[in-house]
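The following paragraphs lead the reader through a model of two protein chains, from the make-up of each chain to the contact between them. The sequence and the structure are shown first.

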Amino acid sequence: MLNPPEASPAGRTVVTAVVIAVTLILQVSVANRLPLPGGVQPDLVLLAVVALALVAGSMTGMVTGFLAGLAADIIPPSDHTLGRYALVYCLIGYLCGVASAEMDRQSAVPFFAVAAGALAGTVLYAGTGMILGDPRAEWGTVSSMVPLQVLYDVIASPFVVWAVLRATRRYERGERSRGDRLSVPAARYRAMSGRGGNL
Amino acid sequence: MKDTRRTRVVLGALLVVALAMITIDYRGGADSPLRGLRGLGATVFGPVERASASVVRPVGDTFDAITDAPGERRRADRMLRQNQKLREQLRSAQLDQDRSAQLHRLLGTAGMGGYKIHAAQVISAGQGFEDTVTIDVGSRSGIKTDMTVMSADGLVGRITRVGPATSTVLLATDQTSSIGSRLEASKEIGITQGRGRRGLGGGGATPLRFQLLDAAAPIQVGQRIVTLGSQGQRPYVPGVPIGSVERIEKATNGLTRTAYVRPFVKFTSLDVVAVVVAPPKTDPRDAVLPPKPKPPATPTPTASPSATGSPSAKPRGSKSPSTRPSPGD
């Protein structure tokens, strides 16, 4: 620990912003350039939004999702209609935040939630493209890309979720001095999801 | 507070904002009122991407070194030879500096097409369905929108958006990209279109589609395609190699013929590219194309020794050293 946890809401906001910014930079400069088969890359930002929403609830989830999506819309190589990612990530953040309240019993659920969030986000993004008549989001392209992207997302999700939890853990400890010894991500979800959205 | 009234109000507000942005940006098209926001993005994230690219580059190089190990050896040999040749050229150029400027101009127009370029490096790639990359030069280096981007192998794309230190390149493989192009040697023109992100269509081998405007014009597998050059040399300068015809589709509608093209550039591993900041003074025609590969095991129809009007652009036989028919004759 470098410094003791300060005033928790501000600290949380800063940590969340840093997590999103770092994920976004990693997404465009590392993940998108990986020569993976199929020419599809995992959507790390979506995974980070899902993880943050599961940890912190629907309010944080949707605000984080909206801002992360807006940043993804304007970060340099982007060339799609502005606001598409903002819409999609905002909705996914909200839904995952709501879902986090109900899933504090079974330990496998968080992983399904991440997978479902990835699937919903990818499909929704493709859907907005189709509605807008984006020539890139033709059915042929979408139908071959979406399953592959969801697969990559699921493969990448444990790493992203672990990193996000790692980054936000300091503030969680500051708030909860009960000292939960659960280090499994699933258990951590369970431990934290009871707190709900307190932005 | 799990899902209170406040949460829903905020959600509704954010969704309305997002939808409003989509609508405004969609209706506005190229000069939408929200382009200032993108400019902000380029200003804020551009330098960060540059910095992060310099950090992650060694990692990527290591990754590439592992995957490309067999090819790298050959490449190193070729580079070594090229280096030697260049060094000799440099030495001879230094001998006579007075004439070297003239010589350079001459070589520039005659030899390599005479493009004036600005070297750049790819620092990030687009997300979702678009096939775009960011390069590390921007308006401070004199880059403007609609400039051609090429690499040592051929056409990469064009600049669509310019930030202070970075700019966005729409790759030729993007589905919204269409390039006026011309078949090598003949003057038959057509349109080269991208087939989607990283050439997802066609299993990655043929990420480009070439539509020949004249359905009756001859076209063959192996023929190469160069850019035709746009009006005012923007966005595409003439004579940049694009790729070679891999497969020709049977004409279905009779209006155009479609061929699938294997590009010279490897779009999955773009690194050093060049932005053409000044177009050539004259159309370089086919001068920039790499030397024609030797025809593999030519089943030479030597029965017809005199070159009688065969429309084929392929070098037939190897009787004389210069078998390539020139289009002007």
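Helices, as the term is used here, are DSSP runs of H or I of at least four residues, whereas strands are runs of E of at least two, and both are numbered from the N terminus. The model is a predicted one. Under this definition chain A contains seven helices and zero strands. Read from the N terminus on, its elements therefore follow the order α-α-α-α-α-α-α. Chain B is built from both kinds of element, with four helices and twelve strands.

The two chains may next be described by burial and by the range of their contacts. Chain A comprises 199 residues, of which 54% count as buried. In chain B, which has 329 residues, the buried ones make up 37%. Among the contacts in chain A with a separation of 6 or more, 73% are accounted for by residues 24 or more positions apart. For chain B, the corresponding share of the contacts with a separation of 6 or more is 60%.

Within chain B, the strands offer a convenient place to begin. Six of them form a closed barrel, which runs 1-2-5-4-3-12 with antiparallel pairing. From one strand to the next, the twist averages 45 degrees.

Strand 4 of chain B, one of the strands of this barrel, spans residues 155–162 and is mostly covered, for eight of its eight residues are buried. On one side is strand 3 of chain B (residues 148–150), which runs antiparallel to strand 4 and is joined to it by three bridges. Within this pair, B:M150 stands opposite B:L155 of strand 4. The two strands form a hairpin, with four residues between them.

Strand 4 of chain B is also joined to strand 5 of chain B (residues 167–171), by five bridges and again in the antiparallel sense. Two positions illustrate the register of this pairing. B:G157 has B:L171 of strand 5 as its bridge partner, and B:R158 stands opposite B:L170 of strand 5. Strand 4 and strand 5 of chain B likewise form a hairpin with four residues between them. In a regular strand the side chains alternate between the two faces of the sheet.

Strand 11 of chain B is not listed in the strand order of the barrel, 1-2-5-4-3-12. This strand covers residues 257–263 and is mostly covered, with five of its seven residues buried. Five bridges join strand 11 of chain B to strand 8 of chain B (residues 208–212), and these two strands run antiparallel. In that pairing B:F210 stands opposite B:A259 of strand 11. Strand 10 of chain B (residues 241–248) also pairs with strand 11 in the antiparallel sense, over five bridges. Here the bridge partner of B:S244 in strand 11 is B:R262.

The contact between the chains remains to be considered. It involves 44 residues of chain A and 54 residues of chain B. On the side of chain A that touches chain B, at least two residues each come from helix 1 (8–29), helix 3 (58–74), helix 4, helix 5 (109–131) and helix 6 (139–175). Helix 4 of chain A gives the most to this side, with seven residues. By class, the residues of this side of chain A divide into 24 nonpolar, 15 polar and five charged.

How does helix 4 of chain A lie against helix 1 of chain B? The axes of helix 4 of chain A (residues 84–102) and helix 1 of chain B (residues 5–28) come within 8 Å and cross at roughly 160 degrees. Because angles over 145 degrees count as roughly antiparallel, the two helices are roughly antiparallel to each other. Their crossing is left-handed. From helix 4 of chain A, the contact is made by A:R84, A:A86, A:L87, A:C90 and A:Y94, and from helix 1 of chain B by B:L11, B:L14, B:L15, B:A18, B:L19, B:M21 and B:I22. The residues of this helix contact divide into eleven nonpolar, no polar and one charged.

Notes
Residues are numbered from 1 along each chain as its sequence is written. Chains are lettered from A and ligands numbered from 1 in the order in which they are written. This is a predicted model: local features need pLDDT of at least 70, side-chain atom pairs count only at pLDDT 80 or more; totals for chains, interfaces and linings use all residues. Axes are lines fitted to C-alpha atoms, for helices over the stretch in contact, and angles run from 0 to 180 degrees between N-to-C directions. Angles under 35 degrees count as roughly parallel, over 145 as roughly antiparallel, 65 to 115 as roughly perpendicular and the rest as oblique. A crossing is left-handed if the near helix is turned anticlockwise from the far one by less than a right angle, and right-handed if clockwise. Two residues are in contact if their C-beta atoms, placed from the backbone, lie within 7 Å. Ala, Val, Leu, Ile, Met, Phe, Trp, Tyr, Cys and Pro count as nonpolar, Asp, Glu, Lys and Arg as charged, and the others, Gly among them, as polar. A residue is buried if 20 or more other C-beta atoms lie within 10 Å of its own, exposed if 12 or fewer, and partly exposed in between; C-beta atoms are placed from the backbone. Two strands pair if DSSP finds at least two bridges between them.
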